[in-house]
Each structure stands twice: as C-alpha cells, then as structure tokens.
Amino acid sequence: MKLTVNNLSFSYANVSILKNIDLAVGLGELVSIVGPNGSGKSTLLKCINHILKTRQNSILIDGRDTSKFDIKELSKLMGYVPQTSISAFPFTVFDVVMMGRKPYIHWSIGERDNEIVAQMLEFLGIGHLAMRQFPELSGGEQQKVIIARALAQQSQFLLLDEPTSSLDIKHQLEILCILTGLTQSKERAVIVTMHDLNLASRFSDHMIMLKKGAIYARGKPEDVLTAQSIEDVYGIKADVSLSNSGKPIITPIVSNFNEFTSRISLFFEEKPKEIKHENT
C-alpha cells in the first residue's frame, strides 16, 4: 500500500502556503518533514488528511483519490495526531483513546474495542492513567494519550504533527522508538513533522525539507541534512558530522549569533530617554 501526493498546492485566501508538493510513502517507512516555522509542515499534514480541502487527485492511496473516501473509510487508513489537543470536557483517558475506535463501532462498544484501547494504553506506558480526567494531565501525558488514540484507529498511515514537542528527552526518544517499531512490521507508515533535526536524522528512513512551502530537498537524512541545505533553508551555518550509523549530526555554529547578542546587549545598556512632562 502506498500514499502518494501529486502536485499539491494550497493557499489561504490569496496567500500561497504549499507549492507543487510531490511525495510517496510506502508501508514500513518513517518519513519526517522538516523546515523552519511557516514553511508549511503542519499545513501539508492537514492537506494529506483532508482537514484542509485540496483539489481532486492530489492525495492517492494505491491510486485511489482519497477525497472520494467517506470519513470512516479514510479514518481506517489515516490516523492524525495534531500539535495540541485542548479539551475542557471531563473525558477520562480511556474515553479519549476509545474515540480512536469510532470508525469501527456500529451500535455499541464491543469487547474487542475495549481490549485494543487497554493494549494501547499499556503500550505507551499510561495504563495507570486510564481513569484520570484528560484535562488534569500534564502536556506530555496528554500528548501520549492522543498518540494512543491514533494508534487505536489501527490506521496504515499515521500522521503526527510535532509529536514530541511537549515531551522531555527521555519521552521523546521513547515515542520515536515506538514509531520506528510500528514501521518495522511493514504494516504501517509514519509521516511526522519535526523541528529537532538531530532526532529527525536519527529516526527517519527518508526526509523532506520544506522552504517557503516548496520541497527544497528530499531523500535519506545524509542527503538532505547538509551544511549547505541548512544554511539555505534555516539561514544559519552548521557543522555536519556523521554518527557511527552514518546519520548526520547537526551542530549550529554559535558565532553566527554574536552580532545579534551584541545588538541585544547594546539595547539594554542604553539609558532610557528622559520623558518630559508638559504642564497642562
């Protein structure tokens, strides 16, 4: 099974956000989408998942136009984890994860649905939170619950928008190891947006680097993450070395920021101008 994006462009009103995006992702792959803020990463995921509407034949699964799928059929194929999930409603963690089973539930929740939700909670190490109220959890705990909900959908394609942004380094690695494990069975594909280039490099099979809504580079991490591409796309100089596994390690060159630091220092050293008050 393969997900294909064909010549996808998207605009908000008259502002172009994505331009002529082409990509193909097969089961067994973890593909990361990187790029600076405003480059279109989140918008691309929302277009793939039809949260944002695109023209016909832009998104295909095995050659079928996904815009013609009904909601249940598309949900069985694609799971989506947004950057943030704010809920003021007092749902329990178990209830939130059960929402991922909605495409499979006809008249009532079955034993199999309960089993899968319990399995996903244990899989992510949050089984002890099952009866806690979702709004009471920390940001990191909430993120793991939303990932569990997406996994409960048992979709072939899992789309995650910066899934580690609320997590400490231990839990970042844990989640990325889980996502990598999901692809090893060749039954799922993962598409994930990330800001941390070193984590993206370590865990990705392939990468796509966006610049101003267009694909600047694509390929294996060592092909995408070069000193030249980082300077062109992010506007900073960086040293790029290779790990023992051949994956790039990015080290920004701090001297690039000396001028900026000097300007900030001068700004705060300046004495505020005396304000004169006129008598009225």
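**A walk through the chain, charges to cores**

Start by coloring the charged side chains: the 30 positive and 30 negative charges of the chain have mean positions 4 Å apart. Keep in mind while you click around that this is a predicted model.

Now zoom out and show the whole chain as C-alpha atoms. They fill a box of roughly 75 × 50 × 45 Å along the principal axes. Switch to cartoon and you can trace 10 helices and 12 strands.

Next, turn on the surface. Its accessible area comes to about 15,400 Å², and 53% of that belongs to carbon and sulfur atoms. Under it, buried residues account for 46% of the 280 in the chain.

Time to go inside. Select V97, L121, L124, V145, L158, L160 and L179: in the largest nonpolar core, which has 50 residues, these touch the most other members. Which helix should you highlight alongside them? Pick α5, residues 139–152, which supplies the largest share of this core with 7 residues.

Stay in that core and center on L158. What does L158 touch, leaving aside residues up to four places away in sequence? Show G79, A150, L151, L179, L182, A189, V190 and I191 as sticks, and you have its partners.

Then move to L3, I21, V25 and I33. They are among the 29 residues of a second core, separate from the one you just left.

For a last look, draw contacts across the chain, keeping those with a separation of 6 or more. Of these, 64% link residues 24 or more positions apart.

Technical notes
Residues numbered from 1 in each chain as written. Predicted model: local features only at pLDDT ≥ 70, side-chain atom pairs only at ≥ 80, totals over all residues. Heavy atoms only, no water. Core = buried A, V, L, I, M, F, W, Y, C linked by side-chain atoms within 4.5 Å. Buried < 20%, exposed > 50% of the residue type's maximum accessible area, 1.4 Å probe, protein only. Helix = DSSP H or I, 4+ residues; strand = E, 2+ residues; numbered from the N terminus. Contact = heavy atoms within 4.5 Å. Areas by Shrake-Rupley, 256 points an atom, 1.4 Å probe, with all protein chains shown as cover. Lys, Arg positive; Asp, Glu negative; His and termini not counted. Charge placed at Lys NZ, Arg CZ, Asp CG, Glu CD.
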